[in-house]
Amino acid sequence: MKKELIVVLDFGGQYNQLIARRVRDLNVYAEVIPYTVPFSELKAMNPKGIIFTGGPNSVYLESSPHYAAEVLEAGIPILGICYGAQLMAYMKGGKIAHAPVGEYGRTEIAIRKPQSRLWKEIPQESVCWMSHTDFISEVPAGFEVTASTVGCPCAAMENDELRLYAVQFHPEVSHTTFGTALLKNFLFEICRCVGDWKMDDFVEETVVSLRERIGGHPVVLGLSGGVDSSVAAALLSRAIGKQLTCVFVDHGLMRKGEGDFVERTFTSLFDMNFVRINAADQFFFRLKGLIDPEDKRKAIGEEFYRVFWDNVRENHENGFFAQGTIYPDFIESGSGHAQTIKTHHNEVKKPKDIRFLGVIEPLCLLFKDEVRRVGLQLGLPEDLVWRQPFPGPGLGVRVIGEVTAERVAILQEADAVLRDEMKKSGYERETAQFFAILPGVRTVGVMGDHRTYAEQIAIRAVTTDDFMTADWAKVPYDLLGRISNRIINEVDQVNRVVYDITSKPPGTVEWE
Ligand code: XMP
């Protein structure tokens with residue numbers, strides 16, 4: 001069944017993915033489309049409405065992204081945000097000026113046209129989030145100002161007859177207190193959406209379409225134990241049961257007990273063929289003597305590629321190949337390089353000699369939080385659905401220096417203590433990611449009456465929204481104290497624990 005669609009026309013602003021997510025949270029399906037897509041194609045998608053996003057530029061620059069003028073004449077409701085608002089004004093003959101001082105952050109805003117459909121039931125005076133220097137200095141003919149701030153005489157404008165609306169601020173950002181209400185008005189009062197994007201429907205409809213596409217053929221999926229591939233596996237299992245084979249390569253660099261947990265989950269809760277390849281010895285052999293982080297990453301990547309594809313070549317060729325690609329993998333937020341968007345769609349890194357009937361990516365339209373909701377609905381355990389990001393090379397990049405089975409075992413034990421304490425204290429969800437590192441620097445200590453010369457463990461915990469930047473988490477001292485005591489008491493060969501207080505930048509989240 002065809003869903004209602006809102007097109008988020010991407011002019012390169014940093015919040016573009018967020019706009020689509022907010023719209024979807026209101027049960028209307030939204031897609032981010034680069035501004036390079038011709039209007040004829042966009043129209044053929046039959047959107048209920050279009051949102052012009054922000055962008056980093058001034059509309060008068062020749063290099064700035066513009067769009068075909070017909071878009072404003074097509075009778076499709078449009079909401080312009082920030083740069084998108086200025087672009088709409090410019091295209092309709094209004095004027096844009098450069099303010100001597102920009103408006104950034106929380107800003108008080110007053111409504112000038114309370115009867116506007118876009119501003120329905122929004123308080124007369126409120127707070128919005130601004131981020132601009134250019135502003136609409138002259139409203140185009142036929143438009144009226146619907147809201148203003150002290151620094152911005154036209155904080156919002158509209159031509160209700162043409163169904164064109166524009167706001168200088170960012171309704172998608174949570175600091176705009178009425179942002180959701182405004183988007184809701186746009187979707188339901190103006191675009192006349194009914195809100196037919198629901199996760200339960202998504203599961204049922206995807207199961208039906210997967211069955212149709214796959215028929216009686218086999219499907220193979222590479223399962224890493226991460227959220228995306230796990231949810232893809234659960235969804236495919238619901239659709240085709242034993243026609244699905246999940247291949248899980250255990251490289252011996254997972255956290256303590258994780259390989260067994262993944263195996264237990266998929267063999268006991270789901271109907272499928274589950275293949276676990278215990279390849280730790282091969283990986284450790286390959287890693288022997290390697291110290292440089294890039295050499296280690298490369299070795300692990302190549303070994304993984306070899307082990308996985310050898311298995312597929314032998315046992316699973318000629319069916320479909322499935323992977324857990326999700327929507328943000330396709331679109332680059334804040335791109336400003338819209339032409340690179342979606343290029344890796346359907347691009348599978350696989351040896352040339354392996355043939356498949358096709359590639360299946362059942363989650364390719366979903367954002368991460370939607371993927372999690374689907375996972376929970378399919379009965380995946382919370383621990384798996386809320387799993388923190390884990391680097392592909394696993395503990396290989398958290399054991400600094402040479403990676404050996406013995407050193408990985410030390411780190412696994414320390415990391416298990418850390419996880420246990422973070423969970424017990426309820427502090428787990430306060431951080432975006434936390435883990436232990438084995439720096440490989442021995443230090444002197446004293447235990448009982450003995451001098452020790454042993455390993456140290458570093459603890460890293462960060463808060464972040466997007467992992468592009470991060471702050472070190474202010475984990476309470478008493479909790480850090482308990483973690484330190486337990487690691488030193490319970491993990492052989494460790495006599496010191498340190499806490500990493502570096503933000504990103506300048507540090508990265510991982511140590512290698
Ligand atoms: P950095 O260290 O770059 O990490 O600040 C940012 C986020 O990415 C994760 N990370 C990886 N994930 N393969 C992955 O799938 C990798 O090679 C990799 N390296 C880092 C890291 O855990 C953090 O969440």
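These legends go with a handful of close-ups of the predicted model.

Residues count from 1 along each chain as its sequence is written. Since we're looking at a prediction, local features need pLDDT of at least 70 and side-chain atom pairs count only at pLDDT 80 or more, while totals for chains, interfaces and linings use all residues, and side-chain values use heavy atoms, with hydrogens and water left out.

**View A. Five parallel strands make an open sheet.** Here 5 strands line up in the order 12-11-10-13-14, with parallel pairing. Strands are DSSP runs of E, at least two residues, and helices are runs of H or I, at least four residues, both numbered from the N terminus; two strands pair if DSSP finds at least two bridges between them. At the edges sit strand 12 (273-278) and strand 14 (358-360), each pairing on one side only. From one strand to the next, the twist averages 25 degrees.

**View B. Strand 10 meets strand 11, with helix 9 lying across both.** Strand 10 (residues 219-222) and strand 11 (residues 244-250) run parallel and share 4 bridges. Look for Val 220 opposite Thr 245 in strand 11. Helix 9 also lies across strand 12 and strand 13 (320-322), and runs at about 150 degrees to strand 11. Angles run from 0 to 180 degrees between N-to-C directions, and axes are lines fitted to C-alpha atoms, for helices over the stretch in contact.

**View C. Helix 8 crosses helix 9.** The axes of helix 8 (residues 280-287) and helix 9 (residues 293-315) come within 10 Å and cross at roughly 145 degrees. Contact here means heavy atoms within 4.5 Å. From helix 8, Gln 282, Phe 283, Arg 286 and Leu 287 meet helix 9 residues including Lys 296, Ala 299, Ile 300 and Phe 304. That contact has 6 nonpolar, 1 polar and 5 charged residues. Nonpolar covers Ala, Val, Leu, Ile, Met, Phe, Trp, Tyr, Cys and Pro; charged covers Asp, Glu, Lys and Arg; the others, Gly among them, are polar.

**View D. Strand 7 pairs with strand 5 and with strand 8.** Strand 5 (residues 95-111) and strand 7 (residues 144-148) go antiparallel over 2 bridges, with Ile 111 opposite Ala 147. Strand 7 is also joined to strand 8 (residues 156-159) by 3 bridges, again antiparallel. There, Glu 144 has Glu 158 as its bridge partner.

**View E. Helix 13 crosses helix 14.** The axes of helix 13 (residues 405-425) and helix 14 (residues 477-490) come within 9 Å, crossing at roughly 145 degrees. Among the residues that meet are Val 417, Leu 418 and Glu 421 in helix 13, and Leu 479, Ile 483 and Arg 486 in helix 14. The contact splits into 7 nonpolar, 1 polar and 6 charged residues.

How values were computed:
A crossing is left-handed if the near helix is turned anticlockwise from the far one by less than a right angle, and right-handed if clockwise.
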